[in-house]
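Here's a friendly tour of a protein model. Keep the sequence and the 3D view open, and follow along as we go.

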Amino acid sequence: MALVEVQVPDIGDFDEVTVIELMVKVGDTVKAEQSLITVESDKASMEIPSSTAGVVKEMRVALGDKVKQGSVVLVVEAAGAAAAPAAAPVAAASPAPLAAPVVAAAPAASGPVQVHVPNIGDFKDVAVIEVMVKPGDTIKAEQSLITVESDKASMEIPSSHAGVLKELKVKVGDTVNIGDLLAILEGTVAVAAPVAAAVAAAPAAAVAAAPAASPAPVASAAAAVAAPAHAPGGSTAGLPHASPSVRKFARELGVPLAEVKGSGLKGRITEADVQAFTQAVMSGAAQTKAQAAKAPAASGGGGAALGLIPWPKVDFAKFGPIERKEMGRIKKISGANLLRNAIMIPAVTNHDDADITDLEAFRVSTNLENEKAAKSGINASVKVTMLAFLIKACVAALKKYPEFNSSLDGDAIVYKNYWHIGFAADTPNGLMVPVIRDCDKKGVLQISQEMGELAKKAREGKLGPAEMTGATFTISSLGGIGGKYFTPIINAPEVAILGVCKSTMEPVWDGKQFVPRLMLPLSLTWDHRVIDGAAAARFNAFLGQILSDFRRVLL
């Protein structure tokens with residue numbers, strides 16, 4: 001195996017360009033023509049491909065470095081006995097780099113003029129990802145009309161003529177090829193003829209063109225991709241700052257790239273940024289603009305989508321002093337979800353009391369034993385909470401009544417054969433719901449330990465998306481605060497939620513006399529589309545039986 005230095009190939013007239021993205025690291029196995037780094041000038045960006053296949057042994061560049069033709073990017077241990085010299089350019093797909101589309105002035109003409117896709121090399125069926133003009137715009141010769149993109153490169157297609165745009169023949173999402181009709185112009189135009197192709201057959205180079213004062217050719221070892229002129233008068237919202245490969249990745253996931261915050265150099269969006277945004281949306285920690293537009297606001301929503309009268313607009317300051325504080329991010333997100341769930345789910349709540357006198361005595365004695373063991377150095381002390389017992393009791397009830405451990409999926413009910421229990425945690429940033437997984441396989445001590453760790457992470461704002469998703473049933477406990485009963489809101493796509501308040505000592509008739517018993521208030525809210533009243537009553541009754549005699553969990 002030979003060590004080969006991979007160098008920056010011919011990149012045209014650019015003297016020095018900035019490294020803005022590293023796409024490989026030491027130890028990676030790279031293929032010939034695989035993109036290694038992304039570089040950027042003030043006019044264009046491109047991915048630099050590898051001239052050799054092998055294993056990366058050393059990186060010679062870092063983010064922010066300036067490179068030019070001949071600069072060593074990295075060192076690879078080449079695969080195969082014979083490796084091509086690093087300094088030699090990769091065999092080109094075409095004999096020589098092709099220049100940007102150039103228009104040559106011709107005698108003036110008037111009347112409708114058709115603008116076609118010029119020669120874009122060997123690329124076929126490239127997608128239109130941006131439309132920069134609209135009917136009625138005055139177009140200059142060489143002004144960019146659309147942006148097209150393959151999986152490796154992107155470029156702007158300029159107009160070969162000047163005039164007024166009467167009709168645009170393509171839209172975002174269409175695919176085009178050489179010779180396809182793009183637009184029809186009308187008026188006095190300077191007829192021009194495209195001289196050369198804009199993109200050669202570049203399987204490994206990718207250039208995202210940016211507005212430039214004049215065409216600036218950028219060549220790779222295998223191709224040249226130019227940045228056509230973009231007239232100041234042209235209308236464009238601008239593409240997100242990302243490479244074509246990242247934009248393709250975002251399209252495949254359905255991610256609105258314009259809403260993703262880039263963590264790369266100069267705010268460039270990386271593949272990791274797209275993945276993080278997707279995870280945040282899936283977990284409910286973030287919303288896309290489309291989601292926010294469809295869902296009513298947590299408060300202050302107009303209500304028009306529901307046929308309601310408008311939300312009242314009040315100048316509160318005229319009644320007295322006020323202080324205005326913006327809602328935190330978590331409250332905004334949870335508020336929108338709660339409002340949706342409260343409106344869309346036909347929820348009913350059953351209230352019951354469970355006798356936990358014996359269970360509480362057992363809990364207290366267990367904690368005392370754990371403390372003694374910890375002082376003796378036998379093991380670490382784990383504080384057992386009533387909520388841990390309640391979780392185990394709920395799992396037993398969910399197994400007996402599986403419709404409570406299900407979800408609606410269209411006209412079907414999905415019954416889950418796993419028992420992940422979410423518990424509502426009150427944090428300085430708002431309500432969060434960590435999830436304890438596979439509670440059927442864990443004992444009360446392990447559940448108590450995990451619950452304590454998750455609650456701590458929730459208070460510190462360190463919960464990850466995976467720790468807040470996948471619950472099949474949720475418990476909302478106000479036991480440490482007080483109250484008697486309440487109506488918790490179901491956490492969709494779950495179909496039930498259990499609310500628990502502070503236990504109180506009450507006189508209970510045992511058939512002969514009133515005796516003091518510790519009673520725990522239970523509030524079970526359920527989705528009437530999946531569960532009926534009889535099932536809910538049985539669930540609560542069974543849950544109460546388990547809590548009054550925890551040995552039933554073993555049955």
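## A buried pair of rings

Phe473 and Phe539 are both buried. Keep in mind that this is a predicted model. How are the rings of Phe473 and Phe539 arranged as an aromatic pair? They're tilted, with 45° between the planes and 6.0 Å from centre to centre. Phe473 belongs to strand β27 (residues 473–477) while Phe539 sits in helix α8, so this pair ties together parts that are 66 residues apart in sequence.

## More aromatic company

Searching the whole structure turns up seven aromatic pairs. One of them brings Phe404 and Phe539 together in a stacked arrangement, 4.3 Å centre to centre and with 25° between the planes. Stacked is the word here because planes under 30 degrees apart count that way. Phe404 comes from the loop between α6 (386–400) and β21 (406–409), and Phe539 from helix α8 (residues 533–548), so the two rings tie together parts that are 135 residues apart in sequence.

How buried is Phe404? Its relative accessible area is 0%. Phe539 also comes out at 0%, so it counts as buried too. Zoom out a little and you'll find one aromatic cluster made of Tyr401, Phe404, Phe473, Phe539 and Phe542.

## Helix α6 and two lysines

Now hop over to α6, which has 15 residues. From its first C-alpha to its last it reaches 21 Å, close to the 21 Å expected at 1.5 Å a residue. Is α6 mostly covered or mostly uncovered? It's mostly covered, with 13 of its 15 residues buried.

Two lysines are worth a look for where they sit. Lys399 lies over the face of Trp419, 4.9 Å from the ring centre. Lys400 has its charged end over the ring of Phe542, at 5.4 Å from the centre of that ring.

## A four-stranded sheet

Next up is an open sheet of four strands, in the order β10-β17-β15-β12 and with antiparallel pairing. Its edge strands are β10 (113–116) and β12 (138–139), and each of these pairs on one side only. As for what holds strands like these side by side, strands of a sheet pair through backbone hydrogen bonds.

β10 and β17 run antiparallel and are joined by four bridges; His116 has Leu181 in β17 as its bridge partner. Strand β15 (residues 163–168) also pairs with strand β17 (residues 181–186) in the antiparallel sense, over four bridges. There, Glu167 has Ile184 of β17 as its bridge partner.

Which side chains of β10 point to which face? They alternate: Val113 and Val115 point to one face and are buried, while Gln114 and His116 point to the other and are not.

## A histidine in a loop

Look at the loop between β14 (154–158) and β15, and you'll spot His161. This histidine is buried, with a relative accessible area of 9%. Its side chain is joined to that of Ser160 by a polar contact of 2.6 Å.

## Another sheet

There's also an open four-stranded sheet in the order β1-β8-β6-β3, with antiparallel pairing. β1 (3–7) and β3 (29–30) stand at the edges with a single partner strand each, so one side of each has no neighbour in the sheet.

How many bridges join β1 to strand β8 (residues 72–78)? Five, and the two strands run antiparallel. To see a facing pair, find Leu3, which stands opposite Glu77 in β8.

Definitions and conventions: Residues numbered from 1 in each chain as written. Predicted model: local features only at pLDDT ≥ 70, side-chain atom pairs only at ≥ 80, totals over all residues. Heavy atoms only, no water. Phe/Tyr/Trp six-rings, centres within 6.5 Å; stacked < 30°, edge-to-face > 60°. Buried < 20%, exposed > 50% of the residue type's maximum accessible area, 1.4 Å probe, protein only. Lys NZ or Arg CZ within 6 Å of the ring centre and 35° of its normal. Pairing = 2+ DSSP bridges. Expected span 1.5 Å × (residues − 1). Polar contact = N/O pair within 3.5 Å; in protein donor to acceptor, adjacent residues only side chain to side chain.
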